[in-house]
Amino acid sequence: MKKDPFNEIRESTKLIAVAEYYGLQPNRQRFVNCIHHSPDNHPSMQFLKNDKYYRCYSCGAWGDATALVAKLYDISAIAAAKRIVIDFNLNIDFSDDDYSIAVRYESEKVLNGLKVWSDRKYSEYEKNLTDFLEYLKTYEPTEEELESWGSASVAKINELSRQMNVLKGSSVRAKLELYRQLRGDGNDTRR
Ligand SMILES: [Zn+2]
């Protein structure tokens, strides 16, 4: 089986060297201003110690050397990989099945992005719920208030637990649908 050129690039380069080659200047803690969201006034994107991946602690973006170069120059993953191979003089072969490998690379990236998003969203909901329960402990609603909260809040709580089940569940399709739903409603607080 043909080797995965994207994996070969990860194995044969140091991500931070790639970043510096293309003009980024990581600080001592290996952080730069995020290239995925702007403006990023405080450097929130870090090149991980494994020197293969980076991630942004603010927007959740994640990637490897190829993803970095693709984003920096706004080019496809294949074009970015070819550029790295030439610039770093790597002996990596791109040939007939570039396309299927690129598709797999892109879908892995989407799946990872979806996982990061789901985990963040779930923690956000969990925190909101905990805060809400804490609040209820200190606040004792009257009968009338309980009455008026009624079915609307029950529906909201049902919807919230449905979403949390999707976020923790294993169905990629359901997660993607939820992602689209939240983006569409404008309820998504993700930056
Ligand atoms: Zn970011």
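Two helices count as roughly perpendicular when the angle between them is 65 to 115 degrees. With that in hand, let's look at this predicted model.

Helices H3 and H4 pack at an angle of about 105 degrees, and their axes lie 8 Å apart. That angle falls within the range just given, so H3 and H4 are roughly perpendicular to each other. On the H3 side, the residues that meet H4 are Ala65, Thr66, Val69, Ala70 and Tyr73. Their counterparts in H4 are Ala77, Ala80, Ala81, Arg83 and Ile84. Sorted by class, this contact has eight nonpolar residues, one polar and one charged.

Next comes the sheet. Its four strands form an open arrangement in the order S1-S2-S3-S4, with antiparallel pairing. S1 and S4 are the edge strands, each pairing on one side only. S3 and S4 are joined by three bridges in the antiparallel sense, and Arg55 has Trp62 in S4 as its bridge partner. H3 packs on this sheet, where it touches S3 and S4, and its direction makes about 105 degrees with that of S4.

Here are some of these elements with their residue ranges:

| Element | Residues |
|---|---|
| Strand S1 | 31-32 |
| Strand S3 | 53-56 |
| Strand S4 | 62-64 |
| Helix H3 | 65-73 |
| Helix H4 | 77-87 |

Finally, the protein is divided into domain 1 (5-87) and domain 2 (99-185). The centres of the two domains, taken over C-alpha atoms, are separated by 30 Å. Eight residues of domain 1 are in contact with ten residues of domain 2. On the domain 1 side, H1 (5-12), S4 and H4 each supply at least two residues. That side has six nonpolar residues, two polar and no charged ones.

Key. Residues are numbered from 1 along each chain as its sequence is written. This is a predicted model: local features need pLDDT of at least 70, side-chain atom pairs count only at pLDDT 80 or more; totals for chains, interfaces and linings use all residues. Axes are lines fitted to C-alpha atoms, for helices over the stretch in contact, and angles run from 0 to 180 degrees between N-to-C directions. Angles under 35 degrees count as roughly parallel, over 145 as roughly antiparallel, 65 to 115 as roughly perpendicular and the rest as oblique. Two residues are in contact if their C-beta atoms, placed from the backbone, lie within 7 Å. Ala, Val, Leu, Ile, Met, Phe, Trp, Tyr, Cys and Pro count as nonpolar, Asp, Glu, Lys and Arg as charged, and the others, Gly among them, as polar. Two strands pair if DSSP finds at least two bridges between them. Domain bounds come from an automatic or database domain assignment.
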